[in-house]
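Welcome, and please load the model in your viewer. Have the selection tool ready, and we will walk from stop to stop together.

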Amino acid sequence: MSRKNLKVCIVGTGYVGLTTGVCLAGIGHDVVCIDIDEKKIRMLKAGQSPIYEPGIEDLLKVAADKLSFTTQYTDCKDADVIILAVGTPSAKSGKADLSYMEAAVTEIVNYLHGEKFQVVVNKSTVPVGTAQRTEMIISSILHKQNRQANFAVASNPEFLREGLAVHDTFYPDRIVIGAKNTEALNSLRNMYAPLLEQTFAAPKACPRPEGFPLPALITTDVTSAEMIKYAANSFLATKISYINEISGLCEKVGADVTEVARGIGLDKRIGSRFLQAGVGWGGSCFGKDTAAIINTGLEYAYEMPIISAAVAVNKRQRSRMIEKLQESLKVVRGRTIGLLGLSFKPDTDDLRDAPALDIIRYLVEMGARVKAFDPIAMPNCKAYYPELAVEYTDDVLQLASGCDAVLLITEWDEFRRLPLEQLAERMTGSKVFVDGRNIVDPGVAQEAGLLYIGFGRSGYESGWGYNWRRFHRQLTGKQAVGE
Ligand SMILES: NC(=O)c1ccc[n+]([C@@H]2O[C@H](COP(=O)([O-])OP(=O)(O)OC[C@H]3O[C@@H](n4cnc5c(N)ncnc54)[C@H](O)[C@@H]3O)[C@@H](O)[C@H]2O)c1
């Protein structure tokens with residue numbers, strides 16, 4: 001494939017825009033990242049990342065000569081490709097709020113022209129019809145200005161995971177491009193060629209996984225591309241809610257959901273990922289994207305009962321955390337409760353729709369004293385809840401000190417190796433430990449003196465699941481199949 005380095009403008013320099021920008025610069029394109037947030041741009045110009053994302057600061061240095069940051073749209077004039085990566089949060093109705101998208105489109109029109117072909121790419125997650133609407137907005141502004149431009153609009157949904165964003169951008173499973181214009185398709189194929197062919201030199205901060213297969217390129221119509229993103233996120237959210245629903249029944253019948261998940265996950269048709277029961281999903285995407293697809297259904301008088309149920313089950317998991325606390329402590333008012341982890345998942349500082357936010361609010365409303373520890377997300381939580389009296393601590397032991405109960409909310413890797421005995425020594429009363437991610441061995445926690453409560457793990461009382469696995473590990477020095 002003949003290929004050239006392109007001039008790329010990215011509008012919106014958040015988790016998606018910044019990662020896309022540094023990675024496209026890393027594979028040789030000339031990239032300008034635009035944002036209306038002056039503070040963000042100031043930090044980036046100084047070489048600092050405004051978000052916590054592993055590898056991103058290293059790449060900012062490595063790709064510095066190919067990358068620039070600005071609050072001005074003027075650089076869009078030279079761009080071959082303009083990528084829209086602004087936020088599309090939920091409006092109150094659940095509909096995607098497209099006001100940031102439309103504001104950005106209105107700005108970039110001024111820099112579209114007829115001197116060369118330019119592709120406008122929707123990378124933000126947007127409902128079906130948005131590419132068509134983007135084209136309509138651009139055309140009608142051009143018409144009013146009595147100007148013409150040589151452009152096309154394409155859809156290129158993003159599938160990166162926060163915490164692994166750089167990895168997922170360099171080593172994606174697939175790249176989806178929705179376009180009706182062949183020139184637009186070719187331009188984007190050209191932009192992604194080094195990723196599709198894996199011909200770029202892998203950066204030190206993010207080495208190529210051994211045996212990494214070439215990513216698939218899916219070229220399709222724009223509507224299908226827009227649907228692919230919502231269908232993917234809704235499916236993943238539903239898979240988590242499915243195992244959470246099963247976990248509730250496991251508690252009733254005395255089974256261990258971690259054993260059940262292991263047993264079903266080894267079936268290749270099912271797969272073991274997204275089968276971890278616990279306090280449920282959060283983050284900037286699953287909540288808003290499930291709400292938006294349900295809303296799209298409603299626009300067509302089409303109900304989506306499976307996705308609606310997945311949302312309801314997820315909401316119930318957050319309440320289950322509080323119920324478990326009430327069942328064990330009986331009275332929560334006046335107790336000291338410690339939260340281990342705040343971000344919606346490990347390796348990110350992102351708190352959007354994090355279960356911890358709801359749980360903090362419930363606990364404060366119930367009259368508990370709330371302490372918290374998170375390796376990265378505490379400053380964001382302080383900013384989110386400036387009025388709530390949460391005590392932020394320096395480490396897990398300081399957190400446990402004086403707590404009646406500790407709730408593990410985020411599965412940060414360091415929480416998999418908690419000093420449980422020291423934690424128990426510092427706690428008070430019945431020393432309740434609610435494991436919202438089922439990552440702690442119940443037997444080890446109980447031996448350490450904690451009253452362990454997991455999600456869907458009542459089976460451990462019979463001793464079978466966790467004892468069997470520990471026995472297997474001791475005997476063979478290896479993990480059991482599917483662990
Ligand atoms: N975060 C993820 O994991 C993820 C993954 C896949 C897809 N997405 C989708 O990507 C989109 C962006 O998500 P994000 O998490 O990066 O959001 P974000 O809030 O981190 O970033 C959005 C950025 O856009 C900027 N912005 C808003 N209006 C602007 C304008 N008119 N001009 C220039 N900049 C503007 C904001 O200041 C902000 O920095 C969303 O649609 C989201 O659903 C996100």
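The stops below each give you something to select and then say what is there. Keep in mind along the way that this is a predicted model.

**Stop 1: the annotated cysteine**

Start by selecting Cys 285. UniProt, in an unreviewed entry, gives this residue the annotation "active site". You will find Cys 285 in the loop between helix H9 (257-265) and H10. Is Cys 285 buried, exposed or partly exposed? Cys 285 counts as partly exposed, because its relative accessibility is 29%. Now show what surrounds this residue: setting aside residues up to four places away in sequence, Cys 285 touches Asn 233 and Thr 290. Keep those two on display, for both return at the next stop: Asn 233 as part of H8 and Thr 290 as part of H10.

**Stop 2: helices H8 and H10**

Select residues 222-253 for helix H8 and residues 286-299 for helix H10. Two packed helices are described by the angle between their axes and the distance between the axes. Here the axes come within 9 Å and cross at roughly 115°. H8 passes H10 in a left-handed crossing. To view the meeting place from the H10 side, colour Phe 286, Asp 289, Thr 290, Ala 292 and Ile 293. Facing them from H8 are residues including Met 227, Tyr 230, Leu 236 and Ile 240. Sorted by class, this contact of H8 with H10 has 9 nonpolar, 3 polar and 2 charged residues.

**Stop 3: from H10 to H11**

Leave H10 on screen and add helix H11, residues 305-329. The axes of H10 and H11 come within 10 Å, crossing at roughly 150°. This crossing, too, is left-handed. Which residues make the contact? H10 brings Thr 290, Ile 293 and Ile 294, while H11 brings Ile 307, Ser 308 and Val 311. By class, the contact of H10 with H11 has 4 nonpolar, 2 polar and no charged residues.

**Stop 4: a buried glutamate**

Next, select Glu 162, in the loop between strand S6 (151-155) and helix H6 (165-170). Glu 162 counts as buried because its relative accessibility is 9%, and buried means under 20%. Turn on side chains and look for Thr 348: a polar contact of 3.3 Å joins its side chain to that of Glu 162. Beyond neighbours within four places in sequence, Glu 162 is in contact with several residues, among them Tyr 15, Glu 53, Ser 284 and Arg 352.

**Stop 5: the C-terminal domain**

Select residues 338-442, which UniProt lists, in an unreviewed entry, as "domain: UDP-glucose/GDP-mannose dehydrogenase C-terminal". Over this stretch the chain is 30% helix and 18% strand. Its end C-alpha atoms are 19 Å apart. Within residues 338-442, pick out Glu 414, which lies in the loop between strand S12 (405-408) and helix H15 (420-426). Glu 414 is partly exposed, with a relative accessible area of 39%. Not counting residues up to four places away in sequence, Glu 414 touches Phe 373 and Pro 375. For a distance to try in the viewer, go from Glu 414 to Gln 276: they are 138 residues apart in sequence and 18 Å apart in space, C-alpha to C-alpha.

**Stop 6: a buried histidine**

Finish at His 113, in the loop between helix H4 (99-108) and strand S5 (118-122). With 10% relative accessibility, His 113 counts as buried. Its side chain reaches the backbone nitrogen of Glu 115 at 3.1 Å. Leaving aside neighbours within four places in sequence, the contacts of His 113 are Lys 77, Gln 118, Gln 148, Ala 149 and Asn 150.

Technical notes
Residues are numbered from 1 along each chain as its sequence is written. This is a predicted model: local features need pLDDT of at least 70, side-chain atom pairs count only at pLDDT 80 or more; totals for chains, interfaces and linings use all residues. Side-chain values use heavy atoms; hydrogens and water are left out. UniProt positions are given in the numbering used here, feature names are shortened, and annotations may be inferred rather than shown by experiment. Helices (H or I, at least four residues) and strands (E, at least two) are DSSP runs, numbered from the N terminus. Buried means under 20% relative accessible area, exposed over 50%, partly exposed in between (1.4 Å probe, protein chains only). A polar contact is a pair of N or O atoms within 3.5 Å; within protein, one must be able to donate a hydrogen and the other to accept it, and residues adjacent in sequence count only if both atoms are side-chain atoms. Contact means heavy atoms within 4.5 Å. Axes are lines fitted to C-alpha atoms, for helices over the stretch in contact, and angles run from 0 to 180 degrees between N-to-C directions. A crossing is left-handed if the near helix is turned anticlockwise from the far one by less than a right angle, and right-handed if clockwise. Ala, Val, Leu, Ile, Met, Phe, Trp, Tyr, Cys and Pro count as nonpolar, Asp, Glu, Lys and Arg as charged, and the others, Gly among them, as polar.
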